[in-house]
Amino acid sequence: MEARREAVVPSPNAAFTAMYGARPDERFPLPATEIGSIDPRYFRQEVAYPRAETPGTLVVDPGNKFLYLVRENGRALRYGVGVGRAGLAWSGSARVGRKAEWPRWTPTADMIAREPDRNGPWRNGMAGGPGNPLGPRALYLFEGPRDTLYRIHGTTEPQSIGTDVSSGCIRMFNQDIIDLYGRVPVETRVVVLPADEHVETFEGPVARSASSSVGG
C-alpha cells in the first residue's frame, strides 16, 4: 500500500540550510550547497514508510527520485536523488559490496563515445577531488561477487537532484552521501524499484528533467 503525500512543501528553513552547509573538515573541504531553487521535498528528512523491507535496507525509487534508509516502526530516512540512464535501466536486489571516500571515477566506453572531448581525457580515471563527478563518497552495488556497475554517489551538480540526467547511476547531495555513507555498512541490502513502482504517491509531478551529462 502506498502512502500519499501532498505536493505542497515548505520552503527551505534554517535546519535545511545548516544540513547542507560547508564541510571544512573533509579531505577536500566542501562548500555549502545552494538549495534555494530546489524543491524541499528532496532534502533529507524522516518520513512514514509503508513497505515491508527490513530496517537497515536501502530502497531506491528511481521514478520519484528518492532513496530510503528503512528504519524501525514504519519510518525511513528519505534522501533526494538524481537518476541517470544506468539508474533507470536496472532494478532488483543487490548489496553494498564496497564503499569509498573521495573515489576515483572512470567514464564508461559509452560515455566516452557520446562525449569524447569531455570524457575522453579521463579514460584512465580521475582521482578523487572537488571536480570528480562521484563527489566525496560512493557505494558500489554487487550481486553476489559481481559488480553491477551501479553506484550511489555524490555530485558536482547539486541542481540535478530530483531530475533525470543523461549519464550516471544514483547521485545525491554531497552532504547527503556523506551522511548515508556513515550510516550503512558494507553488505547492506539494496532494493532498486522499477521506474514505474513507487514507495509514496504524490499529488502533481515529482521529477524534473535536466541536461546534465556528467556522472558515475
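Salt bridges number 17 in this predicted model. A salt bridge here is a side-chain nitrogen of Lys or Arg within 4 Å of a carboxyl oxygen of Asp or Glu. Side chains of opposite charge can pair when their charged atoms come close. Because the model is predicted, local features need pLDDT of at least 70 and side-chain atom pairs count only at pLDDT 80 or more, while totals for chains, interfaces and linings use all residues. Residues are numbered from 1 along each chain as its sequence is written, and side-chain values use heavy atoms, with hydrogens and water left out.

One salt bridge joins Asp176 to Arg44, with the closest N and O atoms 2.9 Å apart. Asp176 sits in helix 5 (residues 174-183) and Arg44 in the loop between helix 1 (14-19) and strand 2 (45-48), so the pair ties together parts that are 132 residues apart in sequence. Helices (H or I, at least four residues) and strands (E, at least two) are DSSP runs, numbered from the N terminus. Asp176 is buried, at 0% relative accessibility. Arg44 is also buried, at 13%. Buried means under 20% relative accessible area, exposed over 50%, and partly exposed in between (1.4 Å probe, protein chains only). The two residues belong to a network of salt bridges that links Arg44, Asp176, Asp179 and Arg183.

A second pair is formed by Asp164 and Lys65, whose closest N and O atoms are 2.9 Å apart. Asp164 lies in strand 10 (residues 163-164), and Lys65 in the loop between strand 3 (58-61) and strand 4 (66-70), so this bridge ties together parts that are 99 residues apart in sequence. Asp164 is partly exposed, with a relative accessible area of 27%. Lys65 is buried, with a value of 2%. The backbone of Lys65 is notable too: phi is near 70°, a positive value in a residue other than glycine.

Arg171 and Glu157 meet in a further salt bridge (3.1 Å, N to O). The pair links distant parts of the chain, 14 residues apart. Arg171 is in strand 11 (residues 170-171), and Glu157 is in the loop between strand 9 (146-153) and strand 10. Both side chains belong to buried residues: Arg171 has 2% relative accessibility, and Glu157 has 13%.

Positive phi also occurs at Glu187, where the angle is near 85° in a residue other than glycine. Glu187 is found in the loop between helix 5 and strand 12 (189-192). Glu187 is exposed, with a relative accessible area of 51%.
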